[in-house]
Amino acid sequence: GLSAVIVAKQWYQRRVRGNPKKLQVEFPYINDAYRGLPYCYVYLQVWDMDAYNAMGLLKVDMCKETSIGWQEINKFPVEPVFAARPGSTEEDDGIIMSPVLDSTSNTTELYIWDAKNLEVLAIVSTPVVVPFTLHGVWINGV
């Protein structure tokens, strides 16, 4: 866990072209099937400290040294959680889920992204407000 955060943060900061950002990453998550094994993909919550209303998600491919991200102004995602597609054979074949706090309406929605490209697949309303520092977990089959 911690080593992935450090590596992802250092890697990302080195590659911001000519404009280093004060970036903080938190809550690393990988495909559970790869725990204790070599893996490429790590999903993280990211804070852009240069813009206090900017948080998002970051997917880092540690093998190819590439990354993609998702961010919306005034939206604050919680820890990203990966859930593999049943029968999947690729490490990033699944979804990422996270409650996302909307600071303008003080509401929380559950966002579901495609784990391959961080495209938003669904947004589901929730009956409660979830603080953006909450931890999450996916337990397959429960």
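The secondary structure of the protein, taken here from a predicted model, consists of one helix and nine strands. Read from the N terminus, the helix comes at the start and the strands follow, in the order α-β-β-β-β-β-β-β-β-β. Of the 142 residues in the protein, 38% are buried. Among contacts with a separation of 6 or more, 41% link residues 24 or more positions apart. The accessible surface comes to about 8,100 Å², and carbon and sulfur atoms contribute 56% of that area.

It is helpful to turn next to the interior. The largest nonpolar core holds 14 residues, and Tyr-43, Trp-70, Phe-82, Ile-96 and Trp-113 have the most contacts inside it. Strand 2, strand 6 (81-84), strand 7 (94-102) and strand 8 (107-114) each give two or more residues to this core. A second core, separate from the largest one, has seven residues, including Val-42, Leu-44, Leu-58 and Val-60. Trp-70 deserves a look of its own. Beyond its neighbours within four places in sequence, Trp-70 is in contact with Gly-56 and Leu-57, with Lys-75 and Pro-77, and with Val-100, Tyr-111, Trp-113, Leu-118 and Val-120.

Strand 3 is mostly covered, with seven of its seven residues buried. Met-55, Leu-57, Lys-59 and Asp-61 point one way from the strand, while Gly-56, Leu-58 and Val-60 point the other way, and buried residues are found on both sides. Strand 3 runs antiparallel to strand 4, and six bridges join the two. One of the residues involved is Val-60, whose bridge partner in strand 4 is Ser-67. The hairpin formed by these strands has four residues between them, and within the hairpin Glu-65 takes a positive phi near 55 degrees.

The loop between strand 3 and strand 4 also brings the disulfide into view. The count for the model comes to one disulfide, formed by Cys-40 and Cys-63 with their sulfur atoms 2.0 Å apart. This separation falls within the 2.5 Å cut-off, so the pair is counted as a disulfide. The angle about the S-S bond is -90 degrees, and the link of Cys-40 and Cys-63 is left-handed. Cys-40 lies in the loop between strand 1 (23-29) and strand 2 (41-48), whereas Cys-63 lies in the loop between strand 3 (55-61) and strand 4 (66-71), so the pair ties together parts that are 23 residues apart in sequence.

Terms used: Residues numbered from 1 in each chain as written. Predicted model: local features only at pLDDT ≥ 70, side-chain atom pairs only at ≥ 80, totals over all residues. Heavy atoms only, no water. Core = buried A, V, L, I, M, F, W, Y, C linked by side-chain atoms within 4.5 Å. Buried < 20%, exposed > 50% of the residue type's maximum accessible area, 1.4 Å probe, protein only. Contact = heavy atoms within 4.5 Å. Pairing = 2+ DSSP bridges. Areas by Shrake-Rupley, 256 points an atom, 1.4 Å probe, with all protein chains shown as cover.
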